[in-house]
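Here are a few exercises to work through with the coordinates open. Try each task before reading its solution.

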Amino acid sequence: MIAIVDYGMGNLRSVQKAFEYLGYDAAIVSNADELRSASHIVLPGVGAFKDAMQSLNDSGLVGVIKDEVSKGKPFLGICLGMQMLFDKSFEDGEHIGLGLIKGEVVRFNTSLKVPHIGWNEVDIKKRTALFDGVSDKNFYFVHSFHAAGCDVDEVETTCIYDYEFVSSVNKGNIWGVQFHPEKSGDTGLKLLANFANFRK
């Protein structure tokens, strides 16, 4: 079972429907036992970093997530869920993240319209199981902040919006994608299927 973490924020149902369309058992979960029994964990998210981290901390699931990830359970953070993987964010102040991947989250420094909304092409820097067989590299984005200061070896893809930014990361069994695979057509579905099929 793929556990989609419910901490009171995020596009949970659309992510669940995408996995179900692909034929996978996916459940929206909010307790520790369900997370521990799941084969994979997905952390979706939309909204503000501070509120999301507060809600996740209040849920009591932060420790469980870190424990399960440390055991090698496949983990995918989507959009704000990716940003929460990092050490901290500078959205409306400075706020601590999960610290699972090195880096910080900063606002786009550009004269272009922010948020960055719409389809954009990613550049694959390293191809892990998540991008296996993915040929079309266009994904759908909606975000005003992006990751910075990442270890180069943990950057899976980058994207251009006035300048190059990190659009996905990988560290072992942990992935984060800034784009929305559940809104990215067949290409996004292929990526979600790759994640669901991943075994350590």
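Buried means under 20% relative accessible area, exposed over 50%, and partly exposed in between (1.4 Å probe, protein chains only). Helices (H or I, at least four residues) and strands (E, at least two) are DSSP runs, numbered from the N terminus. You're looking at a predicted model, where local features need pLDDT of at least 70, side-chain atom pairs count only at pLDDT 80 or more, and totals for chains, interfaces and linings use all residues. Residues are numbered from 1 along each chain as its sequence is written, and side-chain values use heavy atoms, with hydrogens and water left out.

**Exercise 1. Find the buried residues of α3 and say what covers them.**

Step 1: pick out Phe 49, Ala 52, Met 53 and Leu 56, which are buried in α3.
Step 2: check their directions. They sit on the same side of α3 because they cover an arc of only 95 degrees around the axis, the arc being that of the directions from the helix axis to the C-beta atoms.
Step 3: look at the cover, which includes β1, β3, α4, α5, β5 (88-89) and β6 (95-96). Contact here means heavy atoms within 4.5 Å.
Step 4: go just past the end of α3, where Gly 60 takes a positive phi of about 75 degrees.

**Exercise 2. Work out which residues have the most contacts inside the largest nonpolar core.**

Step 1: get the term straight. A nonpolar core is a set of buried Ala, Val, Leu, Ile, Met, Phe, Trp, Tyr and Cys residues joined through side-chain atoms within 4.5 Å.
Step 2: the largest one has 35 residues, and Val 5, Leu 35, Leu 56 and Met 84 have the most contacts inside it.
Step 3: see who supplies it. Elements giving at least two residues each include β1 (2-5), α3 (49-59) and β12 (163-171).
Step 4: don't miss the other core, which lies apart from it and has 31 residues, among them Phe 19, Leu 76, Phe 131 and Ala 196.

**Exercise 3. Describe the surroundings of Tyr 161.**

Step 1: place Tyr 161 in strand β11 (residues 155-161).
Step 2: Tyr 161 counts as buried because its relative accessibility is 16%.
Step 3: list its contacts, not counting residues up to four places away in sequence: Phe 108, Leu 112, Lys 113, Pro 115, His 116 and Asn 120.
Step 4: measure one distance yourself: the side chain of Tyr 161 reaches the backbone oxygen of Lys 113 at 2.5 Å.
Step 5: move on to Asp 162, in the loop between β11 and β12. Asp 162 has a positive phi of about 75 degrees although it is not a glycine.

**Exercise 4. Track down the cis peptide bond and the residues it joins.**

Step 1: recall the background: most residues other than glycine have a negative phi, and most peptide bonds are trans.
Step 2: the cis bond joins Val 114 and Pro 115, with omega at about 15 degrees.
Step 3: Pro 115 lies in the loop between β7 (104-107) and β8 (116-124).

**Exercise 5. Is Asp 92 buried or exposed?**

Step 1: find Asp 92 in the loop between β5 and β6.
Step 2: Asp 92 is exposed, because its relative accessible area is 64%.
Step 3: check the backbone: Asp 92 has a positive phi of about 55 degrees, although it is not a glycine.

Notes: Polar contact = N/O pair within 3.5 Å; in protein donor to acceptor, adjacent residues only side chain to side chain.
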